[in-house]
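Biologist: Hello! Could you walk me through this structure, one point at a time?

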Amino acid sequence: MSAIFNFQSLLTVILLLICTCAYIRSLAPSLLDKNKSGLLGIFWKCARIGERKSPYVAVCCVVMAFSILFMQ
């Protein structure tokens, strides 16, 4: 089943995208900062969400991990 059709998998993919983009931006900021608009701007926006909402993203990652490990 694709992640698009399963809501929990979709949330997992979105959380991983946010965390990955924030991590890449912390290592090489110029890589994501040059693409603030267009299709590649999605990655810049995910990095900004990961930076500004990092406590909420971390809590969501922990909740998602427990959900995947213990509720399935």
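Modeller: Gladly! A word on the annotations: UniProt positions are given in the numbering used here, feature names are shortened, and annotations may be inferred rather than shown by experiment. This is a predicted model, in which local features need pLDDT of at least 70 and side-chain atom pairs count only at pLDDT 80 or more, while totals for chains, interfaces and linings use all residues. Residues are numbered from 1 along each chain as its sequence is written, and side-chain values use heavy atoms, with hydrogens and water left out.

Biologist: Which residues does the UniProt annotation "transmembrane region" cover?

Modeller: Let's start with the chain itself: the stretch is 94% helix and 0% strand (helices are DSSP runs of H or I with at least four residues, strands runs of E with at least two, numbered from the N terminus). Its end C-alpha atoms are 25 Å apart. In the UniProt record, the "transmembrane region" covers residues 54-71.

Biologist: Is Tyr56 buried or exposed?

Modeller: Tyr56 lies in helix α4. Buried means under 20% relative accessible area, exposed over 50%, and partly exposed in between, with a 1.4 Å probe and protein chains only. At 60% relative accessibility, Tyr56 is therefore exposed.

Biologist: How are the rings of Phe66 and Phe70 arranged as a pair?

Modeller: A search of the whole structure finds 1 aromatic pair (rings of Phe, Tyr and Trp, the last by its six-membered ring, with centres within 6.5 Å; planes under 30 degrees apart are stacked, over 60 edge-to-face, the rest tilted). The ring centres of Phe66 and Phe70 are 5.6 Å apart and their planes are at 20 degrees, so the pair is stacked.

Biologist: What separates Phe66 and Phe70 along helix α4?

Modeller: Phe66 is partly exposed at 48% relative accessible area, and Phe70 is exposed at 61%. Because they are 4 residues apart in helix α4 (residues 54-70), what separates them is about one helical turn.

Biologist: Which residue does UniProt list for "glycosylation site"?

Modeller: Look in the loop between α2 and α3. The residue there is partly exposed, with a relative accessible area of 24%. Leaving out residues up to four places away in sequence, it touches Leu40, Gly41 and Trp44 (contact means heavy atoms within 4.5 Å). The UniProt record lists Asn35.

Biologist: Is Leu39 buried or exposed?

Modeller: Leu39 lies in the loop between α2 (29-33) and α3 (41-52). Its relative accessible area is 69%, so Leu39 is exposed.
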